[in-house]
Amino acid sequence: MTNNDQSAPDRYGLVGHPVAHSRSPLIHSMFARQTRQRLTYELFDAEPAAFETTVRGFGAAGGKGLNVTVPHKEVAFALCDEASAAASAARAVNTISIVAGRLHGDNTDGVGFIRDVKVNQRQTLAGVRIAVLGAGGAARGIVGPLLAEQPAELTIANRTKERADQLVEQFAAAGLVARTFAELGDLPPMDVLVNATSAGLRGETPPFPASLVGPQSFCYDLVYGTSATPFVVWARSHGAGRAVQGWGMLVEQAAESFAIWRGIRPDTRTLLKQLAR
Ligand code: NDP
């Protein structure tokens with residue numbers, strides 16, 4: 001579509017539950033302005049029972065693509081007609097492209113996360129000791145890309161141990177182990193500690209051993225907010241060398257989705273400066 005086209009702009013959106021406070025419409029409208037693309041980006045609040053009808057209804061109405069967020073990423077993978085290598089590895093989809101009624105699933109969480117950590121935060125991942133806290137949809141997206149960086153070891157810990165076991169069995173890589181949060185207490189401080197849980201968001205102290213954090217630790221919270229997140233507060237209070245929240249991942253995964261849909265990758269630097277870090 002050209003910029004002078006008088007037809008209706010292409011439609012995109014985000015489906016999740018809840019979605020009301022999402023920054024994705026703002027991010028995608030800034031990307032569209034920067035790259036001179038005509039498009040709209042809407043929010044769809046869909047409970048699990050309404051997910052499939054929401055996606056199919058949007059496609060039937062001419063929608064071109066959807067981002068998918070909590071709690072639908074794993075169901076979205078099952079719903080798609082085709083999946084990219086990243087989505088197949090994660091068994092989770094956060095980006096759907098709708099072409100001639102067919103749903104193509106992709107996962108940009110992992111590449112967005114790695115780009116924020118390595119490029120924006122300048123944190124080395126090769127050869128270091130990493131722990132990912134959580135084994136939900138977001139953790140599924142980042143484990144494969146983290147392993148590709150060849151860390152010395154990668155520990156996945158989750159409240160429900162079986163989900164961490166499943167992830168470790170699925171990727172079956174050397175140095176990849178599953179633990180409970182309590183079992184993390186035996187380990188020396190991590191070089192990189194990633195929070196991919198929603199623990200602490202209801203005001204309770206995050207349930208992770210403080211011994212995981214030391215002055216050399218880079219702590220990354222996938223969760224983001226307008227003030228320091230509970231995990232960032234917790235990490236700093238235990239002496240973390242650095243603790244950052246997931247604004248950068250949000251922007252980078254959005255840029256990757258935008259590139260899949262529009263064939264042009266926006267420059268994320270301006271936006272990253274504008275959003276709270
Ligand atoms: P899921 O619902 O799939 O998984 C939630 C995870 O949090 C599970 O591992 C769950 O453990 C754990 N958990 C929830 N409550 C607690 C608790 N009280 N104590 C300990 N563990 C808990 O969500 P996602 O994986 O999709 O998302 C996780 C977070 O990451 C969300 O807050 C989301 O906003 C954020 N995110 C940020 C992105 C970004 O771009 N910055 C991208 C994607 C996600 P259990 O298995 O035991 O239930």
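Start with the boundary between domain 1 and domain 2 of this predicted model, where the area buried between the two domains is about 1100 Å², with carbon and sulfur atoms giving 53% of that area. To see the two parts separately, colour residues 10-107 together with 250-274 as domain 1, and residues 110-245 as domain 2. The contact between them takes 13 residues from domain 1 and 15 residues from domain 2, and the C-alpha centres of domain 1 and domain 2 lie 25 Å apart.

Stay at this boundary and turn on the side chains. Between domain 1 and domain 2 the count is 3 salt bridges, and 4 residue pairs are found in polar contact across the interface, both residues of each pair being at pLDDT 80 or more. On the side of domain 1 that touches domain 2, the elements giving two or more residues are helix 4 and helix 9, the latter spanning residues 247-262. Which of these elements gives the largest share of that side? Select helix 9, which contributes 4 residues and so has the largest share of the domain 1 side. Next, select Glu74 and Arg140, which form a salt bridge whose closest N and O atoms are 3.8 Å apart.

Now move to helix 7, residues 161-171, and show Ala164, Leu167, Val168 and Phe171, which are buried. Why do these residues lie on the same side of helix 7? They cover an arc of only 95 degrees around the axis, and this puts them on the same side of the helix. To see what covers the buried residues of helix 7, add the surrounding elements, including helix 4 (85-90), helix 6 (137-148), strand 8 (153-157) and strand 9 (176-179).

Follow the chain just past the end of helix 7 to Ala172, which takes a positive phi of about 40 degrees although Ala172 is not a glycine. Ala172 sits in the loop between helix 7 and strand 9, and is Ala172 buried or exposed there? With a relative accessible area of 62%, Ala172 is exposed.

A second residue with a positive phi can be found by selecting Arg122, where phi is about 55 degrees although the residue is not a glycine. Arg122 belongs to the loop that runs between helix 5 (109-120) and strand 7 (129-133), and at 70% relative accessibility Arg122 counts as exposed.

From there, go to Gln245 in strand 12, which consists of residues 242-245. Gln245 counts as buried because its relative accessibility is 5%, under the 20% cut-off. Which backbone atoms should be displayed beside the Gln245 side chain? Show the backbone nitrogen of Gly225, which lies 2.5 Å from a polar atom of that side chain, and then the backbone oxygen of Ser227, which lies 3.3 Å from a polar atom of the side chain of Gln245.

The last stops are two cis peptide bonds. Select His17 and Pro18, which are joined by a cis peptide bond with omega of about 5 degrees; Pro18 is placed in the loop between strand 1 (10-16) and helix 1 (24-35). Then select Val70 and Pro71, where the peptide bond from Val70 to Pro71 is cis, with omega near 5 degrees. Pro71 lies in the loop that connects strand 3 (65-68) and helix 3 (73-79).

Note on methods: Residues numbered from 1 in each chain as written. Heavy atoms only, no water. Buried < 20%, exposed > 50% of the residue type's maximum accessible area, 1.4 Å probe, protein only. Arc of directions from axis to C-beta. Contact = heavy atoms within 4.5 Å. Domains from an automatic or database assignment. Buried area = accessible area lost by both parts, 1.4 Å probe. Salt bridge = Lys/Arg side-chain N within 4 Å of Asp/Glu carboxyl O. Polar contact = N/O pair within 3.5 Å; in protein donor to acceptor, adjacent residues only side chain to side chain.
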